[in-house]
Amino acid sequence: MEKKVVLTGIKSTGRPHVGNYIGAIKPALQLAASNEYSPYYFIADYHSLTTVQNREQFKDYVYRIAASWLALGLDPEQSTFYRQTDVPEIMELSWILSCLTPKGLMNRAHAYKSAVEQNLQNSLDQDAGINIGVYSYPILMASDILLFQSDIVPVGKDQIQHVEIARDIATHFNHVFGETFSLPQYMVDTTIAMVPGLDGRKMSKSYHNTIPLFCEEKELEKLIKRIVTDSTPPQAPKDPDQSSLFLLYREFASENEVEQMRNNYRSGIGWGEVKKELFLVMKRYLEQPRQRYKELMSNSREIDKILHYGAEKARQKAKPFLNEIKEKIGYSG
C-alpha cells in the first residue's frame with residue numbers, strides 16, 4: 001500500500017522551547033516512526049521573513065530549529081527534511097496559486113484579520129505595519145502543502161484555516177485546469193493539551209514564559225522553580241490532570257514514574273517536591289539531545305549538508321509535478 005504523505009512546516013523564529021517539543025516535535029517524530037506515512041518536514045524560513053528581518057538572526061534561527069529536530073531523533077533517511085529556501089519550486093508554485101486566489105479569501109485569513117483588529121484598537125491605519133508577506137502567507141503555505149501532494153497536515157486548532165484555504169485553492173485550480181491537486185486533510189491531536197508556561201498561560205515566546213529546550217541545567221532548574229502553583233498545602237490531595245507541573249512531568253518521565261507521581265498527587269505531595277522531580281526527569285531526558293544539539297550548533301556545515309540532502313529528495317518529487325502544473329496552465333517550454 002502506498003504511504004500517505006504527511007507534511008509539517010516549522011517556522012524558524014526564536015529559541016525552540018519545551019512547548020514546541022510537546023506540541024509539535026514529539027508527535028511529528030512519532031508519525032515519522034510509523035510505516036504508514038512518508039514524512040516531509042521542512043524549516044519554513046521564507047515564512048519567518050515576515051517578522052525576522054535580520055540576516056544573522058535569520059540564519060541562526062534556521063540552524064537552531066534544524067539542530068533541535070535532529071538532536072531529538074529526526075532521521076534524515078527516514079524523513080525528507082529540508083529548508084524551504086532550498087526548494088525554489090515552492091515559490092514558483094506560490095505565484096501560480098496567487099493568480100488563482102481571490103483577494104477576499106485572503107481578507108478572511110485569521111492572522112491578517114487579527115493584525116487589522118489590533119491596529120484599529122490602537123487607533124492606527126488598519127494596514128499599518130502589515131507587509132504583503134503576512135497578507136499572502138496562506139498562499140505560500142498552500143504551495144508548501146500542495147506541491148508535495150500532501151495527504152495529511154498535522155496542525156494546531158489555530159492553523160486549521162490554513163489547510164482549508166489550501167483545499168479551496170486546490171479545488172479552484174482543479175476546476176479551471178483539470179484534476180491536478182489532491183485535497184489535503186488536517187490532523188489535530190486532541191490528546192495534546194495546551195502546554196502551560198511559567199505563568200500558567202500557554203507557553204509562548206510572545207508571553208516570555210517559555211522553558212528553552214536545551215538550556216543549561218542550572219537555568220532549567222531555576223525556570224522550573226518559577227512555575228506558578230496554587231497555595232494547596234503539601235499534605236492535601238491534588239488532581240494531577242489539573243496540574244501544569246504534572247502535564248510537563250508526564251512528557252519526560254517513564255510510564256512507571258508517571259503512575260507513581262499520579263499516586264503521589266492523590267495522597268498529597270508538596271509543589272516543591274514535584275518541581276524537584278520534574279527537574280530530574282527533564283535533565284535525564286534531555287541530557288543526550290542537549291549534547292548532540294551543541295555538537296550540531298558548532299558545526300553548521302553538517303546541518304547544511306543534511307538540509308541540502310533533504311532538499312534534493314524533495315525536489316525529485318517537486319520538479320516533475322511543477323512541470324505538470326505548468327503544462328496545465330499553458331506553459332510549453
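**Figure 1. Length of helix α11 in the predicted model**. Helix α11 comprises 13 residues, residues 255–267. At 1.5 Å a residue, this helix should span 18 Å, and its end C-alpha atoms are 19 Å apart, so the expected and modelled values agree.

**Figure 2. The buried face of helix α11**. Four residues of α11 are named here as buried: Val258, Met261, Arg262 and Tyr265. Seen down the helix axis, these buried residues fall within an arc of 105 degrees, and therefore they line one face of α11. The buried residues pack against α10 (244–252) and α12 (271–297). On the other side of α11, the exposed residues are Asn256 and Ser267.

**Figure 3. The residue that follows helix α11**. Gly268 comes after α11 and has a positive phi, near 115 degrees.

**Figure 4. Ser123 in the loop between α6 and α7**. The loop that holds Ser123 connects α6 (110–121) with α7 (132–147). Ser123 is a residue other than glycine, yet its phi is positive, near 60 degrees. Ser123 counts as exposed because its relative accessibility is 69%, and exposed residues are those over 50%.

**Figure 5. Gln149 in the loop between α7 and β4**. Gln149 lies after α7 and before β4 (152–154), in the loop between these two elements. Phi of Gln149 is also a positive value in a residue other than glycine, near 50 degrees. With a relative accessibility of 23%, Gln149 counts as partly exposed, since buried residues are those under 20% and exposed residues those over 50%.

Terms used:
Residues numbered from 1 in each chain as written. Predicted model: local features only at pLDDT ≥ 70, side-chain atom pairs only at ≥ 80, totals over all residues. Heavy atoms only, no water. Buried < 20%, exposed > 50% of the residue type's maximum accessible area, 1.4 Å probe, protein only. Expected span 1.5 Å × (residues − 1). Arc of directions from axis to C-beta. Contact = heavy atoms within 4.5 Å.
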